[in-house]
Amino acid sequence: MNLDSRPEGDGSFLFSKGGDLEEFTRNSPNQMLTLTQIREERDQIIEALSKRGIDVTDSIDKIIELDKERRSLPKELDDTLAESNSLSRQIGELMKAGKRDEAEGVKAATFGLKQKSSDLKDQMQGHENSMNELLYNIPNTPSEFVAAGKSEEDNEIVSTHGEQVDLSDTCKPHWDLAKEKGIIDFDLGAKVTGAGFPFYKGKGAKLQRGLIRFFLEKAEEAGYTEYIPPLMINSDSGFGTGQLPDKEGQMYHMQNDDLYMIPTAEVPLTNIYRDTLLSSADLPIKLCGYTPCFRREAGSYGKDVRGLNRLHQFDKVEIVQISDPSSSDAALDGMVAHVQTLLEGLELPYRILRLCAGDMGFTAAITYDFEVWSAAQGRWLEVSSVSNFETFQANRLKCRYKDESGKNQLVHTLNGSALALPRIVAALLENHQSDGDVIIPSALVPFVGFDRI
RNA sequence: GGAGAGGUGGUAGAGUGGUAAUACAGCAGCCUGCUAAGCUGUGGGCGAGCAAUCGCCUCCCGAGUUCGAAUCUCGGUCUCUCCGCCA
């Protein structure tokens, strides 16, 4: 899967190249945990990342080396500060007792300590910065279930559902049909805003509204709590899920207020749990939300940006789970199954791919892509990505939970599109044509309020 | 947008330069039989240690002044009140 063919349904891949941006404070348990992994699982990490076709041996060894040099510093700093604190206390007591001269003597003794602790802090900062630089560029390790591979050619087809019929001779592509039926107006959008900002009109608008309701209510039935999040986020949130700084150019930025338009609901929904310590009883957490999504698609390339295939603004229902590590595989399966029920309800032929390591996003440990067969175009359209990020995002977000033994552990985060509207609309228009009309699948009729366009 | 007031542990709430009172809740232990009370311990994070324990950090965030900052200075942020504007 290259950048061009990514589904609109998931921002995590387009924007998540920033790597681990955690501020590397010595009191940060998460970063320490990552370093622990690097120290203790050096060979496994190098091996796992080789599946992505990259060799991180040098970076890893450099990190281990820097970490080794750095490790004695916190202890030394603590000791220095302890001595300094103790002297300060003495000064306080002497002053109280009116022994000014003695106090002045002790004061002099603190100067050296002050310099020393400031030097130690600088040293630590230096090491941390160097380590971060390296850590930023190491992507998540692929799960054991993920095959090695470099491109979409190496993705595995997990299963195929429904019939692939080629009706390209008798059916129309969605851009022609949408224009003919007067339900989506791309030209008007271009006039009022620009390319990639279509107007939906009449039954086109109602179809959008109905699909959103359909997806939200299915998510609710599956136990996801609905949120209506803000459509703009601050930079802390952008860092939290990995959109910043590397993919900054892909988001719309309001300079006056330093806010970004969300590229996916994943950002506000997952950032609810930034800087959070949960208890194991809280897990799993299941959230969903409908939002418009905004993407600049700067540097977008490829043969097919026509019609609904690539928009700057589109609608999506996103599902998110925060899970404990032992349950996240099952949670991922549940999310995949949920997306299947949606596609089956829409009576669309589809297949599920497990992405190979090299084709996955930077932050993902495992990703399933859903593709819908478009009979009219005679090709597969990507409509959803469902991923488990394991601890990678949690580490950046500082989202942990207290396990049964009272120990703080990183959670696992997962998300998926369920679903993104534009290509679903395209697929509905292209698959369900009959005598020049579009037949609405019966499961959707109650939500849209009509049965044909 | 303008003016003012404020942000302290799970909650309430003291604290104007000497290293976070107190009350309630929760949790743990002890004791006692009596509508459960009493007593003791206990904020959070990180590190060292088998452990008891010890050290550092933490009073919205970040810088600064100082031997020492919840407290003083600067910047930011959020909440509340009043004015203005407004769907």
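A residue is called buried here if 20 or more other C-beta atoms lie within 10 Å of its own, and exposed if 12 or fewer do. The legends below describe close-up views of a predicted model.

**Figure 1. Helix α4, residues 57-96, and its buried positions.** In α4, the residues S59, I60, I63, L66 and T80 are buried. The helix has 40 residues and reaches 59 Å from its first C-alpha to its last, which is close to the 58 Å expected at 1.5 Å a residue. At E69 the helix α4 bends by about 25°, and just after α4 the residue G98 takes a positive phi of about 80°.

**Figure 2. Overview of chain A, as a setting for the closer views.** Chain A contains 14 helices and 18 strands, and its C-alpha trace spans about 100 × 45 × 40 Å along the principal axes. Of the 453 residues in chain A, 42% are buried. Among contacts in this chain between residues at least 6 apart in sequence, 76% join residues at least 24 apart.

**Figure 3. The largest nonpolar core, with L419 and I424.** This core has 74 residues, and L419 and I424 are those with the most contacts inside it. Its largest share, seven residues, comes from helix α13, which covers residues 421-431. When residues up to four places away in sequence are not counted, I424 touches L211, L346, V383 and L419. L419 itself has its place in strand β16, residues 412-420, and the peptide bond that leads to L419 from A418 is cis, with omega near 0°.

**Figure 4. The packing of helix α6 against helix α13.** Helix α6, residues 174-181, packs with α13 at an angle of about 80°, and the axes of the two helices are 9 Å apart. Because angles of 65 to 115 degrees count as roughly perpendicular, α6 is roughly perpendicular to α13. On the α6 side of this pairing H174, L177 and A178 take part, and they meet A426, L429 and E430 in α13.

**Figure 5. The cis peptide bond between L283 and P284.** The bond that joins L283 and P284 is a cis peptide bond, and its omega is about -5°. P284 is found in the loop between β8, residues 276-279, and β9. As background to this view and the next, most residues other than glycine have a negative phi, and most peptide bonds are trans.

**Figure 6. Two aspartates with positive phi, D275 and D435.** D275 is a residue other than glycine with a positive phi, near 55°, and is found in the loop between α10, residues 266-271, and β8. D275 has 11 other C-beta atoms within 10 Å and is therefore exposed. For D435, too, phi is positive and near 55°, and D435 lies in the loop between β17, residues 433-434, and β18, residues 437-438. With 6 other C-beta atoms within 10 Å, D435 is likewise exposed.

**Figure 7. L311, a buried residue in a loop.** L311 lies in the loop between β9, residues 285-294, and β10, residues 313-323. L311 counts as buried because 25 C-beta neighbours lie inside 10 Å. Between the C-alpha atoms of L311 and D236, which are 75 residues apart along the chain, the separation is 26 Å.

How values were computed: Residues are numbered from 1 along each chain as its sequence is written. Chains are lettered from A and ligands numbered from 1 in the order in which they are written. This is a predicted model: local features need pLDDT of at least 70, side-chain atom pairs count only at pLDDT 80 or more; totals for chains, interfaces and linings use all residues. A nonpolar core is a set of buried Ala, Val, Leu, Ile, Met, Phe, Trp, Tyr and Cys residues joined through C-beta atoms within 7 Å. Helices (H or I, at least four residues) and strands (E, at least two) are DSSP runs, numbered from the N terminus. Two residues are in contact if their C-beta atoms, placed from the backbone, lie within 7 Å. The expected span of a helix is 1.5 Å times one less than its number of residues. The bend at a residue is the angle between axes fitted to the seven residues ending there and the seven starting there. Axes are lines fitted to C-alpha atoms, for helices over the stretch in contact, and angles run from 0 to 180 degrees between N-to-C directions. Angles under 35 degrees count as roughly parallel, over 145 as roughly antiparallel, 65 to 115 as roughly perpendicular and the rest as oblique.
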